[in-house]
Amino acid sequence: MAVASTMLALGTPAPSFQLKDTEDRLVCLDDFTTAAALVVVFLCNHCPYVQHIADRLAELSAEYIDRDVAIVGINSNDPDRYPEDAPSSMSEEKRRRGYPFPYLFDETQEVAKAYRAACTPDLYVFDSEARLVYRGQFDGSRPGNDVPVTGYDLCAALDSVLTGMPAPEDQIPSIGCGIKWRPDNEPDYASR
């Protein structure tokens, strides 16, 4: 069942995180404080919505990293119920897709809760002050809808931030697979 993002309030400060990447290194929000913008993407390995955009996400990420944008991917899925999303599989997915950004595992799912993440992919753009300026879809493409995967919405938000303009006002929620919460850990907002 497709789930929409919760649309965290614009202006929200980036919630802190300290998570391990696919090479067992600790990565935290403070590692990205000098970037002109920060993109946080909640994703996973198995979701068809993520698979649908993954190659373009990797390409777009490489382009924007060269323009002083920091990008981080976070997997918050329960690996006990979805073993294909376990940390042991994340290294292979990062390599296969060519993700040029750190791919982190949110074992406790507390980071996903702090961002009010609901689906994969769920995207957030923060400005140089670490304030939320965009949350929503990568673009209008979905598996099976024949709309080309371009990353248009994310690019428009990033281009606005990088040129000192306000992010687009029309922000459409992301749609994807619901985050796979541990049975005893589902947040209140996930059952809306």
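1. In this predicted model, the buried residues of helix H2 are covered by elements that include helix H1 (48–65), strand S5 (69–75) and strand S6 (103–105).

2. The residues in question are Met90, Glu93, Lys94 and Arg97, which are buried within H2 (residues 87–97). They lie on the same side of H2, because the arc they cover around the axis is only 100°. An α-helix has 3.6 residues a turn, so residues three or four places apart point the same way.

3. On the face of H2 turned away from the buried side, Ser88 and Arg95 are exposed. Gly98, just after H2, takes a positive phi of about 75°.

4. The structure holds 8 aromatic pairs. One of them joins Phe17 and Phe32: with ring centres 6.4 Å apart and planes at 40°, the pair counts as tilted, because that angle falls neither under 30 degrees nor over 60. This pair links distant parts of the chain, 15 residues apart. Phe17 sits in the loop between strand S1 (2–4) and strand S2 (18–21), and Phe32 in the loop between strand S3 (26–28) and strand S4 (37–42).

5. Phe17 has a relative accessible area of 3% and is buried. Phe32 also counts as buried, at 14% relative accessibility.

6. Trp181 and Tyr189 form an edge-to-face pair, 6.3 Å centre to centre with 85° between the planes. Both residues, Trp181 and Tyr189, are buried.

7. Phe42, Tyr115, Tyr124 and Phe126 are linked by ring pairs into a cluster.

8. A charge also sits over a ring: the charged end of Lys180 is placed over Tyr82, 5.5 Å from the ring centre.

Notes
Residues are numbered from 1 along each chain as its sequence is written. This is a predicted model: local features need pLDDT of at least 70, side-chain atom pairs count only at pLDDT 80 or more; totals for chains, interfaces and linings use all residues. Side-chain values use heavy atoms; hydrogens and water are left out. Buried means under 20% relative accessible area, exposed over 50%, partly exposed in between (1.4 Å probe, protein chains only). Helices (H or I, at least four residues) and strands (E, at least two) are DSSP runs, numbered from the N terminus. The arc is that of the directions from the helix axis to the C-beta atoms. Contact means heavy atoms within 4.5 Å. Rings of Phe, Tyr and Trp (its six-membered ring) pair if their centres lie within 6.5 Å; planes under 30 degrees apart count as stacked, over 60 as edge-to-face and the rest as tilted. A charge sits over a ring if NZ of Lys or CZ of Arg is within 6 Å of the ring centre and within 35 degrees of the ring normal.
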